[in-house]
Amino acid sequence: LGANIGVYLLWNSRILPESFMLKHFSLARFNIKEMRLHTMLSYSFSHISIWHLFSNCIGLYYIGRSIEGIFGPRVLLMLYLSGGLLGGIVSLLGSNKFDTRPTIGASASVSALLSFFIMNFPKEKMYFFPIPFGISAWIIGVCYYFYTLRHVNDFNSNVQHKGHLTGFLTGVVYYFIFHGIVF
């Protein structure tokens with residue numbers, strides 16, 4: 001949470017020039033071409049919009065806290081980083097080569113946490129404001145998966161649905177690996 005909030009403050013305080021932030025905290029073809037490979041992870045701590053930061057931090061806090069409390073900080077960190085890394089790679093590979101918009105945000109990472117949580121606790125009730133009742137985690141997972149899948153080829157969207165879907169699938173695969181079901 002601290003890293004996400006800190007990078008958000010760097011974007012919005014203008015302590016560092018926007019060009020520096022784009023070079024070091026966004027995932028873009030120009031960064032990969034220039035061998036700024038650290039951006040394949042640093043983008044997943046980067047938010048410009050307060051609402052984007054807020055939604056990802058809410059997910060990270062509630063889902064991440066549960067995962068860390070049950071499985072430990074190492075599992076939380078591995079899920080967050082692998083969801084972001086793989087989501088970023090697929091976003092880059094799957095985007096239009098003429099699209100120069102950079103990618104930022106923790107959504108692929110949080111998607112990995114979400115699916116790992118759902119796989120482990122499918123009957124757990126999850127609450128979303130303003131819905132006044134809990135919804136079983138597996139229902140949330142099915143809805144999220146199909147919503148993201150439906151929008152994965154929407155090239156006009158400012159949302160990287162390919163990254164979200166890849167992050168989500170990363171959490172599912174991590175569940176099977178963690179429990180020794182595959183490999």
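# A chat about cores, rings and a surface patch

User: Let me start with one residue: what does Tyr145 count as in terms of relative accessibility?

Analyst: Tyr145 has a relative accessibility of 28%, so it counts as partly exposed, since that class covers values between 20% and 50%. Please keep in mind that this is a predicted model.

User: Where does Tyr145 lie, and which residues is Tyr145 in contact with, leaving aside its neighbours within four places in sequence?

Analyst: Tyr145 lies in helix α8, and once neighbours within four places in sequence are set aside, its contacts are Leu165, Phe168 and Leu169.

User: How many Å apart in space are Tyr145 and Thr103?

Analyst: From C-alpha to C-alpha, Tyr145 and Thr103 are 20 Å apart in space, and in sequence they are 42 residues apart.

User: Phe168 came up just now, so which ring is paired with the ring of Phe168?

Analyst: The structure holds 14 aromatic pairs, and one of them joins Tyr144 and Phe168, with ring centres 5.3 Å apart and planes at 35 degrees, so this pair is tilted. Tyr144 belongs to helix α8 and Phe168 to helix α9, so the pair ties together parts that are 24 residues apart in sequence.

User: And how is each of the two classed, Tyr144 and Phe168?

Analyst: Tyr144, at 22% relative accessibility, counts as partly exposed, whereas Phe168 has a relative accessible area of 6% and is buried.

User: What about the rings of Tyr175 and Phe176, what kind of pair is that?

Analyst: That pair is edge-to-face, because the planes stand at 75 degrees, with the ring centres 5.2 Å apart. Tyr175 is buried at a relative accessible area of 16%, while Phe176 is partly exposed at 26%.

User: Which residues form one aromatic cluster?

Analyst: One aromatic cluster is formed by Phe71, Phe116, Phe117, Phe121, Tyr174 and Phe178.

User: Changing topic to the inside: how many residues has the largest nonpolar core?

Analyst: The largest nonpolar core has 22 residues, and those with the most contacts inside it are Ile63, Ile67, Leu79, Leu113, Phe116 and Met126. At least two residues of this core come from each of α5 (50-71), α6 (73-94), α7 (107-120), α8 (137-151) and α9 (161-178).

User: Which helix gives the most to this core?

Analyst: That is α7, which gives 6 residues to this core.

User: What does Leu79 touch, not counting residues up to four places away in sequence?

Analyst: With those residues not counted, Leu79 touches Ile67, Ser109, Ala112, Leu113, Phe116, Gly171 and Tyr174. Apart from the largest core there lies another core, of 5 residues, among them Met40, Tyr43, Leu92 and Ala108.

User: Let me ask about His161 too, buried or exposed?

Analyst: His161 counts as buried, with 6% relative accessibility, and its place is in helix α9. Leaving aside neighbours within four places in sequence, His161 is in contact with Tyr147, Thr148, His151 and Val152.

User: Now the outside: which residues form a nonpolar patch on the surface?

Analyst: The nonpolar patch on the surface is formed by Leu1, Ile5, Leu9, Ile50, Trp51, Phe54, Ile58, Tyr61 and Tyr62, which together have about 920 Å² of accessible area. Two elements, α1 (2-13) and α5, give two or more residues to the nonpolar patch, and α5 gives the most, with 6 residues.

User: Picking one of them, where is Ile5 found?

Analyst: Ile5 is found in helix α1, and with a relative accessible area of 39% it is partly exposed.

User: Last topic, charges: which residue forms a salt bridge with Arg14?

Analyst: Arg14 forms a salt bridge with Glu18, and the closest N and O atoms are 3.4 Å apart; the count of salt bridges comes to 1. Arg14 counts as exposed at 53% relative accessibility, whereas Glu18 is partly exposed at 43%.

User: Where is Arg14 found, and what is its phi near?

Analyst: Arg14 is found in the loop between α1 and α2 (18-25), and its phi is near 65 degrees, a positive value in a residue other than glycine. Phi of Met35 is likewise positive, near 65 degrees; Met35 is found in the loop between α3 (29-33) and α4 (39-42) and is exposed, with a relative accessible area of 60%.

Technical notes: Residues are numbered from 1 along each chain as its sequence is written. This is a predicted model: local features need pLDDT of at least 70, side-chain atom pairs count only at pLDDT 80 or more; totals for chains, interfaces and linings use all residues. Side-chain values use heavy atoms; hydrogens and water are left out. A nonpolar core is a set of buried Ala, Val, Leu, Ile, Met, Phe, Trp, Tyr and Cys residues joined through side-chain atoms within 4.5 Å. Buried means under 20% relative accessible area, exposed over 50%, partly exposed in between (1.4 Å probe, protein chains only). Helices (H or I, at least four residues) and strands (E, at least two) are DSSP runs, numbered from the N terminus. Contact means heavy atoms within 4.5 Å. Patches are made of residues with over 30% relative accessible area and no salt bridge: like charges are joined within 9 Å, nonpolar side chains (Val, Leu, Ile, Met, Phe, Trp, Tyr) within 5 Å. Accessible areas come from the Shrake-Rupley method with a 1.4 Å probe; for residues, only the protein chains shown count as cover. A salt bridge is a side-chain nitrogen of Lys or Arg within 4 Å of a carboxyl oxygen of Asp or Glu. Rings of Phe, Tyr and Trp (its six-membered ring) pair if their centres lie within 6.5 Å; planes under 30 degrees apart count as stacked, over 60 as edge-to-face and the rest as tilted.
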